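Here are a few warm-up exercises on a protein model. Have a go at each task before you read its solution.

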Amino acid sequence: MDKSADPCVDFYQYACGNWIKQNPIPPDQSRWGRFTQLEERNLEVLRQILEEAAKPDPKRDALAQKIGDYYAACMDVAGIDARGLAPIQPELDRIRDLKDKSQLAGEVAHLQRTGIGSLFDFGSGQDFKDSNSVIAQADQGGIGLPDRDYYLKDDVQMKQLREKYVAHVQRMFELAGAPAAQAKADAQTVMRIETDLAKGSLDRVSRRDPEKVYHRMSRQDLESLDPGFRWAEYFTASGAPEFQQINVAWPDFFKAQNTALGAYSLDDWKTYLRWNVLHSEAALLPTPFVDENFKFYGKTLTGAEEIRPRWKRCVEYTDAQLGEALGQKFVERTFGAQGKERTLKMVDAIEKALGQDIQSLSWMTPATKQQAEIKLKAITNKIGYPDKWRDYSSVVIRRDDAAGNGMRADQFEFQRQLNKIGKPVDRAEWQMTPPTVNAYYDPQMNNINFPAGILQPPFYDNRADDAVNFGAIGMVIGHELTHGFDDQGRQFDPKGNLRDWWTPVDAKAFNEKEACVVQEYSGFTPVDDIHLNGKLTLGENTADNGGLRLALMALQATIGNNHKLIDGLTPEQRYFLSFGQIWCENATPESLRLHAQTDPHSPARFRVNGVVRNLPEFQKTFACKAGQPMVAANACRVW
Ligand SMILES: [Zn+2]
């Protein structure tokens with residue numbers, strides 16, 4: 001805490017000031033907060049697991065062999081350097097040998113199968129309007145910068161980033177053996193193709209609206225959007241089962257793809273595909289590729305000074321590619337029954353609070369309240385880890401083939417996704433691995449998911465009192481619950497179908513309440529003159545505001561009349577401090593800029609101050625007065 005700060009003037013500074021001063025950003029990070037600190041602690045646990053599993057002991061179990069050899073291969077920098085481009089040479093040769101643009105479809109399918117992103121994204125997903133079934137999905141993709149706006153915006157910053165990106169692509173081609181002049185021309189070709197794909201892409205704010213990314217159609221309809229691409233060959237080569245219907249998230253993208261297919265020569269496309277291979281595989285290629293990749297994606301885009309130590313990266317790749325194998329060992333070591341039990345009790349209390357909160361809303365009519373209540377009651381909770389673990393036995397992992405392991409693990413995942421097409425939805429599946437320090441609400445499943453990784457201090461602490469736990473993990477639980485009722489989540493019904501269950505008058509009132517939140521956060525400037533995008537961050541801001549109110553209601557119901565002081569602080573003071581302190585963070589200006597552009601979450605400072613200034617209970621707790629910065633003149637409240 002910074003006790004020299006006034007909580008009513010800048011609560012974030014009051015709660016986090018000293019932490020911020022004492023915890024500068026380590027050189028291998030672009031942001032450093034209490035989330036990242038816990039992530040680092042989990043990484044240490046995972047490292048121990050992997051180093052043990054990597055010992056070539058003949059008595060290892062099958063799981064240890066997979067994760068241990070994956071990690072060992074990734075750590076073998078000398079071996080990776082010695083093998084040079086050999087692991088991806090077959091891919092480069094296939095591209096070189098293409099004879100005709102008609103072969104592009106098959107080749108793109110082949111690349112995507114091995115985890116090499118190219119042109120568009122293909123996979124499966126729950127049907128927005130029939131949440132029991134899984135259908136094929138095709139979506140925009142194919143660009144190397146973080147967002148389409150990086151290609152299209154005309155400001156000085158973006159222009160500079162584009163120049164640096166082209167220089168990066170050029171150096172990657174040079175590292176792969178192209179002469180400088182050729183590499184330069186090729187990089188410009190890549191930029192031209194990606195810019196055309198970006199122009200056909202839908203912007204991030206619009207993508208928040210599920211109706212805008214739902215266009216269910218027949219295969220023939222997709223083919224007529226993009227007749228230049230041989231879809232039948234693509235689907236066969238992709239390994240997808242037979243299907244008739246597909247959600248083409250944003251049809252205009254495929255029109256743009258069709259135009260681009262006609263506009264560029266076969267050689268241009270070969271250049272683009274070669275870039276896709278180098279870019280996707282860079283992390284597991286020889287050192288010069290890794291360093292060049294970091295220079296652009298780490299240093300230029302996020303402001304990190306040094307690349308993360310090799311072991312951290314290898315732990316993260318193992319988590320990303322064999323996450324439910326590594327996760328089993330993680331759960332054995334870290335997750336106790338007590339944590340699960342107490343978390344479920346908090347979930348229960350917060351769900352009750354949301355029920356009461358909905359009933360008390362003055363802006364909502366009884367008809368819609370009743371529907372909201374039904375949806376709330378239908379929410380299911382998943383805590384810790386999956387009941388049934390993913391089976392990786394078919395993935396071949398070799399101790400001397402880091403890039404190959406990566407491609408085979410990606411292929412397993414790609415096929416796993418496609419195998420779901422036409423099958424009933426698996427409601428037990430998790431989208432995050434157990435060590436992840438995060439949580440999510442899934443509107444199509446209507447469930448909340450809390451991996452074991454986040455159920456630890458500072459979010460959840462067995463030894464802490466209720467006020468502290470409700471202010472941290474409790475607030476996160478409330479946050480996730482209200483996602484079912486934010487600008488996106490509210491459009492789905494209790495069964496997870498995209499169906500409007502609101503009366504028009506309630507929908508209008510909701511939109512007015514949300515407009516207040518949009519306006520509030522659009523006024524915040526995290527870096528220089530960059531404003532937050534109030535529409536992009538609307539769902540998260542709504543969830544932060546609702547979550548903090550609900551967890552407080554639940555705390556008060558749980559402790560009743562027990563207003564014991566601890567460290568001289570009331571339960572409410574401890575609650576708000578615990579909340580403020582989970583968000584303590586330092587971030588580079590580059591990373592603040594990147595996140596303002598792409599992240600639906602507001603930066604830490606505003607996740608704290610933006611919320612408490614709307615909350616009368618906070619102002620009462622710290623005796624704040626009208627006119628002070630933490631007392632909004634027009635307080636926003638949705639939930
Ligand atoms: Zn959220």
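Buried means under 20% relative accessible area, exposed means over 50%, and partly exposed is anything in between (1.4 Å probe, protein chains only). The model is predicted, so to speak of a local feature takes pLDDT of at least 70, side-chain atom pairs need pLDDT 80 or more, and totals for chains, interfaces and linings use all residues. Residues are numbered from 1 along each chain as its sequence is written, and side-chain values use heavy atoms, leaving out hydrogens and water.

**Exercise 1.** Work out whether the radius of gyration of the protein chain agrees with that of a compact globule.

Solution. Start with the rule: 2.2 Å times the number of residues to the power 0.38, with the radius taken over C-alpha atoms. For 639 residues that lands near 26 Å. The protein chain has 25 Å, which agrees. As a follow-up, the C-alpha trace spans about 75 × 55 × 50 Å along its principal axes, and buried residues make up 58% of the chain.

**Exercise 2.** Classify the ring pair of Tyr-385 and Trp-389, then say how exposed each residue is.

Solution. Rings of Phe, Tyr and Trp (its six-membered ring) pair if their centres lie within 6.5 Å; planes under 30 degrees apart are stacked, over 60 edge-to-face, and the rest tilted. The structure holds 46 such aromatic pairs. Tyr-385 and Trp-389 sit 5.8 Å apart, centre to centre, with 0 degrees between the planes, and that makes the pair stacked. Next, the surface: Tyr-385 has a relative accessible area of 29%, so it is partly exposed. Trp-389 comes in at 23%, so that residue is partly exposed too.

**Exercise 3.** Two residues other than glycine, Asn-446 and Asp-567, have a positive phi. Which loop holds each one, and is each buried or exposed?

Solution. First, some background: most residues other than glycine have a negative phi, and most peptide bonds are trans. Helices (H or I, at least four residues) and strands (E, at least two) are DSSP runs, numbered from the N terminus. Asn-446, with phi about 50 degrees, lies in the loop between strand E7 (440-442) and E8. Its relative accessible area is 0%, so Asn-446 is buried. Asp-567, with phi near 50 degrees, belongs to the loop between helix H22 (538-559) and helix H23 (571-582). At 75% relative accessibility, Asp-567 is exposed.

**Exercise 4.** Find the cis peptide bond between Pro-457 and Pro-458 and place Pro-458 in the chain.

Solution. Check omega: about 5 degrees for the bond that joins Pro-457 and Pro-458. Then look up the loop: Pro-458 falls between strand E8 (447-451) and helix H20 (466-482).
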